[in-house]
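User: Hi! I have a two-chain model open and I would like to learn how to read its helix packing. Could you walk me through it?

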Amino acid sequence: METLMDYVWAFVVGGLLCVIAQILIDKTKLTPARILVSYVVAGVILYAVGIYRPLVELAGNGATTPLTGFGYNIAAGVRDAVDRIGLLGALTGGISATSAGIAAALCFGYIAALFFRAKPKK
Amino acid sequence: MNIGNKEYKKYVEAHAQKSPCLRNCVHAFLSGGAICCAAQGLTQLYKCLGATESLAPSITSITLIFITALLTGIGIFDNIAKWAGAGTLVPITGFANSVVSPALDNKAEGWVMGVGAKIFTVAGPVILYGTLAGAVYGVIYALFIR
């Protein structure tokens, strides 16, 4: 039962984070790029004020998969690094914590560009 | 049809799509929720296969990024995204697509200033503002909270 509820919360929280973005796109002039930037910064802020970690504990991947989770990982990494090495951690923690995702996107992006051509836009 | 302006306006309003925003939101909720559920399943799977609590979510992200890169490469991702809207944009799939797509589109401009530079079109701002916000938080945390 516990596992089932994990999936329900992941679906609901992840889905709602997408709905908020959809409303912002439809009702304001925010471009998708601005949405992504806002979500990452929002993730950092929500972690800093203590809201996002409980949300991650509740929803698991429903909170970490959306781009706010990227911001959460940056903030959590920064905090962890500051605890370990002091002020310098403010610079090293964020990118270290998100390096897997960033490097994967860049490498797979490059490999995709090697093997595929852009489809003509309709 | 021979109708006046007023009748035409009525006709258009009657046949226009009702509240595309609501429909978009339903699509976004379903597809975004489904992607997060799939991510939850992958993390569960990797834990069963022996990944640690902290590594499993990273491997899940890498998996989703790989699938997105593949779907973007063969040209399917755009069709899914058209239906899903923010449902594929907000999860890590949207970030991955925003990296892969400009890399493909700008091959003609060369491998350095085309692929190399344009791959950061959206990823650049995302990484910049994320890192900046993280650094600001880190300084505040180091000086005042810790």
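Analyst: Happy to help; we will go from one chain to the contact between the chains, and then to single residues. Please keep in mind that this is a predicted model.

User: Let's begin with chain A. How many helices and strands does the secondary structure of chain A come to?

Analyst: Chain A has six helices and zero strands, so to speak a run of α-α-α-α-α-α when read along the sequence. Its C-alpha trace spans about 50 × 35 × 35 Å along the principal axes.

User: What share of the residues of chain A count as buried?

Analyst: Of its 122 residues, 52% count as buried. You can also look at how far apart in sequence the contacting residues are. Taking the contacts in chain A with a separation of 6 or more, 58% come from residues 24 or more positions apart.

User: How do I describe a pair of packed helices?

Analyst: Two packed helices are described by the angle between their axes and the distance between the axes. Try it on H5(A) and H6(A): their axes come within 7 Å and cross at roughly 135°.

User: Which word describes how H5(A) and H6(A) lie to each other?

Analyst: They are oblique to each other, because an angle counts as roughly antiparallel only when it is over 145 degrees. The crossing of H5(A) past H6(A) is right-handed.

User: Which residues in H5(A) and H6(A) meet?

Analyst: From H5(A), the residues include A:Phe70, A:Ile74, A:Val78 and A:Val82, and from H6(A) they include A:Gly93, A:Gly94, A:Ala97 and A:Gly101. By class, this contact has nine nonpolar, nine polar and two charged residues.

User: Now the other chain, please. How is chain B divided into domains?

Analyst: Chain B has domain 1 (20-100) and domain 2 (106-146). The C-alpha centres of these two domains of chain B lie 21 Å apart.

User: And where the chains touch, how many residues does each one give to the contact?

Analyst: Chain B gives 62 residues and chain A gives 67 residues. On the chain B side, helices H2 (20-48), H3 (55-73), H5 (86-89), H6 (92-105) and H8 (123-145) each supply at least two residues. The largest share of that side, 15 residues, comes from H8(B). Sorted by class, the side of chain B that touches chain A has 40 nonpolar, 19 polar and three charged residues.

User: Since H8(B) came up, how does H5(A) pass H8(B)?

Analyst: H5(A) passes H8(B) in a right-handed crossing. The two axes come within 9 Å and cross at roughly 35°. Among the residues making this contact are A:Phe70, A:Ile74 and A:Arg79 of H5(A), together with B:Gly134, B:Tyr137 and B:Tyr141 of H8(B). The contact of H5(A) with H8(B) divides into nine nonpolar, five polar and one charged.

User: How do the axes of H6(A) and H3(B) cross?

Analyst: The axes of H6(A), residues 89-115, and H3(B) come within 9 Å and cross at roughly 20°. That makes H6(A) roughly parallel to H3(B), and their crossing is right-handed. Residues of H6(A) in this contact include A:Ala104, A:Phe108, A:Ala112 and A:Phe115, while those of H3(B) include B:Ile62, B:Phe66, B:Ala69 and B:Thr72. Here the residues divide into 10 nonpolar, six polar and no charged.

User: Let me zoom in on one of them. Is A:Ala112 buried or exposed?

Analyst: To judge that, count the C-beta atoms around the residue: 20 or more others within 10 Å means buried. A:Ala112 has 24 such neighbours inside 10 Å, so this residue counts as buried. A:Ala112 lies in helix H6 of chain A. Leaving aside neighbours within four places in sequence, A:Ala112 is in contact with B:Ala69, B:Thr72, B:Gly73, B:Val100, B:Ala103 and B:Leu104.

User: Could we repeat that on the chain B side? Where is B:Cys36 found?

Analyst: B:Cys36 is found in helix H2 of chain B. With 33 other C-beta atoms within 10 Å, B:Cys36 is buried. Beyond its neighbours within four places in sequence, B:Cys36 is in contact with A:Ala10, A:Phe11, A:Gly14, A:Asn61, A:Gly62, A:Thr65 and B:Pro91. As a distance to try on screen, the C-alpha atoms of B:Cys36 and B:Pro20, 16 residues apart along the chain, are separated by 24 Å.

Key. Residues numbered from 1 in each chain as written. Chains lettered and ligands numbered in written order. Predicted model: local features only at pLDDT ≥ 70, side-chain atom pairs only at ≥ 80, totals over all residues. Contact = placed C-beta atoms within 7 Å. Helix = DSSP H or I, 4+ residues; strand = E, 2+ residues; numbered from the N terminus. Nonpolar A, V, L, I, M, F, W, Y, C, P; charged D, E, K, R; others polar. Axes fitted to C-alpha atoms, helices over the stretch in contact; angles between N-to-C directions. Parallel < 35°, antiparallel > 145°, perpendicular 65-115°, else oblique. Left-handed = near helix turned anticlockwise from the far one by under 90°. Buried ≥ 20, exposed ≤ 12 C-beta atoms within 10 Å, placed from the backbone. Domains from an automatic or database assignment.
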